[in-house]
Amino acid sequence: MATGNGTDAQGQQERWGSRAGFVLATAGSAVGLGNIWRFPSVAAESGGGAFVAVLLAVILLIGVPGLMAELALGRRARQNAVDAFLAIRPGSAWAWVGGLALLASFLVLSYYAVIAGWVLAYVAKAVAGSLRGLDATALGEVYTALAQHAWHPLAWQALFLALTAAVVMGGVRSGIEQCSRVLMPGLVVLLAVLAVRVLLLEGAGAGVVWFLRPHWEDVGGPTVLRALGQVFFSFGLGMGVMVTYGSYLDRGEDIHRSAVYVAVADTAVALLAGLVVIPALFAFGLPIEGGAGLLFVTLPAVLNQMPLSASLNLVFFVMLAIAALTSAISLLEALVAFARQRLGLARRTTTLLAAGLVFVAGVPSALAQGPHGVQVLGRDVLTLVDTATSEVLLPLAGLLTAVFVGWVWGAGPALAELRHGAGRFPERLWSASVRVIVPATVGVILAASLIGVR
Ligand code: PHE
């Protein structure tokens with residue numbers, strides 16, 4: 001599997017089989033739990049339609065150019081997230097930026113797998129029918145019983161990582177790409193089913209209007225920061241993931257066009273999730289919230305009040321499981337690509353090793369709410385790792401990667417790489433973004449979050 005798919009000088013380079021496969025796998029990475037548990041509530045609280053407008057601007061000026069930069073770096077270097085920097089600047093300390101990005105992937109995957117494990121537990125509950133008819137209070141108890149159990153969260157986390165590892169072991173083309181080709185269309189269908197059901201509710205229309213109405217008075221500095229945070233986490237920038245996925249791309253591939261497709265898919269799913277979550281809460285007069293409470297308590301309770309409720313909860317949790325799996329696959333692949341190159345081990349062995357280490361690192365997050373949970377700096381471990389990665393590590397690694405591409409590799413050579421296989425795209429805007437807009441704005445988020453963390 002490792003060879004035979006087009007081998008290069010390193011002797012182990014794999015390639016995507018088709019553009020559609022690459023776009024679906026990359027969109028699978030972008031579309032994740034973040035689109036469902038974060039975007040709707042953040043958008044509703046931060047100006048509704050006005051937030052969406054700010055988000056679109058951030059996507060165009062920062063998200064798409066950043067995605068293009070990471071994909072181009074990967075394709076040019078044909079290396080994992082660390083060695084890509086070394087391929088362009090041999091022997092330089094820039095490799096540490098790749099190291100930082102992989103540290104971020106490792107940490108994000110460690111707690112992401114815990115939450116995804118809870119999702120699998122809920123898929124099982126929905127199949128068994130044990131969520132049927134429960135109201136919010138009863139569902140709250142179900143959630144607490146799971147999250148606080150001494151070892152159940154560990155078992156579900158292990159199962160989720162085993163599924164992720166099974167796909168990654170299959171390799172780029174027959175594992176990741178094949179799986180994304182099936183799962184991503186499935187996700188869209190399931191989400192569409194939920195959206196249709198919710199939008200047919202009485203009072204849903206008012207919820208849609210309420211969600212999308214632009215409230216410019218709610219827009220300020222923090223709104224832009226939230227939009228930036230959302231785009232970074234959702235596009236998986238500063239995690240070595242897009243550099244790794246880019247390294248499997250053919251020269252003939254249009255990076256600009258693919259990045260636009262991925263951005264459109266990711267944003268469309270987020271908006272569709274918003275059209276499920278907000279009108280549903282609105283129709284039942286519930287407060288708008290995000291996070292675990294939304295996924296595991298409020299939304300299932302709302303779905304339980306609708307006709308066909310048993311199957312709706314199943315649809316919802318299977319959809320979440322798909323979103324989480326395709327994201328986790330990309331995080332694990334970034335780690336595996338690096339470890340394989342450095343350790344010279346087979347894909348299978350490396351994948352098991354990486355997944356095992358991620359599991360161990362996630363144990364404190366899995367036990368965070370249980371009897372063995374510890375509090376660090378006044379937060380539980382899962383929340384702490386989430387905050388530290390998404391507010392500090394990701395922006396830092398993303399900023400440094402943009403600086404590397406824009407100034408060290410240089411906008412000229414990077415543009416030359418982007419032009420391979422591409423039609424016309426706004427080249428000036430791209431260099432302005434990578435050289436100035438990304439470093440300046442992300443520098444501001446970072447400074448703001450560092451001040452906020454204290
Ligand atoms: N983008 C995914 C989400 O929104 C998470 C993720 C982050 C995946 C970083 C890959 C890299 O949930």
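How many nonpolar, polar and charged residues does the shell around the ligand have? The shell has seven nonpolar residues, eight polar ones and no charged ones. The points below start from this shell and then move to other parts of the model, which is predicted.

1. **Who surrounds the ligand.** There are 15 residues around the ligand. A30, L33, G34, Y112 and S234 come nearest. Four helices each supply at least two residues of the shell: α1 (19-30), α2 (33-45), α10 (221-235) and α14 (309-343).

2. **Polar atoms facing the ligand.** Start with the nitrogen atoms of the ligand. A backbone N or O atom of A30 lies 3.0 Å from a ligand nitrogen. For F233, a backbone N or O atom is 3.1 Å from a nitrogen atom of the ligand. N35 takes part through its side chain, where an N or O atom is 3.4 Å from a ligand oxygen.

3. **Cover.** How much of the ligand's accessible area does the protein cover? On its own, the ligand has 320 Å² of accessible area, and the protein covers 100% of this.

4. **S234.** This residue deserves a second look. S234 is among the residues that come nearest to the ligand. Its place is in helix α10. S234 has a relative accessible area of 4%, so it is buried. The S234 side chain also makes a polar contact with the side chain of D266, at 2.9 Å.

5. **Aromatic pairs.** The structure holds 15 aromatic pairs. One of them joins W16 and F22: the ring centres are 5.7 Å apart and the planes meet at 50°, so this pair is tilted. Are W16 and F22 buried or exposed? W16 is buried, because its relative accessible area is 6%. F22 is buried as well, at 1% relative accessibility. Compare F316 and F317. Their pair is edge-to-face, with 5.0 Å from centre to centre and 65° between the planes. F316 has a relative accessible area of 2% and is buried. F317 counts as buried too, at 0%.

6. **A ring cluster.** Which residues do ring pairs link into a cluster? They are W118, Y122, Y143, F296, F316 and F317. The F316 and F317 pair of the previous point thus reappears here. Y122 has a further partner: the charged end of K125 sits over the Y122 ring, 6.0 Å from the ring centre.

7. **Another charge over a ring.** R213 and W210 show this arrangement. The charged end of R213 sits over the ring of W210, at 4.7 Å from its centre.

8. **R78.** Check the backbone here. Most residues other than glycine have a negative phi. R78 is not a glycine, yet it has a positive phi of about 55°. R78 is found in the loop between α3 (49-77) and α4 (83-88). Is R78 buried or exposed? R78 is buried, because its relative accessible area is 12%.

9. **L314 and A124.** L314 is found in helix α14, a helix that supplies at least two residues of the shell around the ligand. L314 itself is partly exposed, with a relative accessible area of 29%. Its C-alpha atom is 8.7 Å from that of A124, although the two residues are 190 residues apart along the chain.

10. **E202 and A280.** Where does E202 lie? E202 is in the loop between α8 (172-199) and α9 (204-212). At 78% relative accessibility, E202 counts as exposed. The C-alpha atoms of E202 and A280 are separated by 9.8 Å, with their positions 78 residues apart along the chain counted as sequence distance.

11. **G412 and E427.** G412 belongs to helix α16 (residues 381-419). G412 has a relative accessible area of 47%, so it is partly exposed. In sequence, G412 and E427 are 15 residues apart. In space, C-alpha to C-alpha, G412 and E427 are 9.9 Å apart.

Definitions and conventions. Residues numbered from 1 in each chain as written. Predicted model: local features only at pLDDT ≥ 70, side-chain atom pairs only at ≥ 80, totals over all residues. Heavy atoms only, no water. Phe/Tyr/Trp six-rings, centres within 6.5 Å; stacked < 30°, edge-to-face > 60°. Buried < 20%, exposed > 50% of the residue type's maximum accessible area, 1.4 Å probe, protein only. Lys NZ or Arg CZ within 6 Å of the ring centre and 35° of its normal. Near = heavy atom within 4 Å. Polar contact = N/O pair within 3.5 Å; in protein donor to acceptor, adjacent residues only side chain to side chain. Areas by Shrake-Rupley, 256 points an atom, 1.4 Å probe, with all protein chains shown as cover. Nonpolar A, V, L, I, M, F, W, Y, C, P; charged D, E, K, R; others polar.
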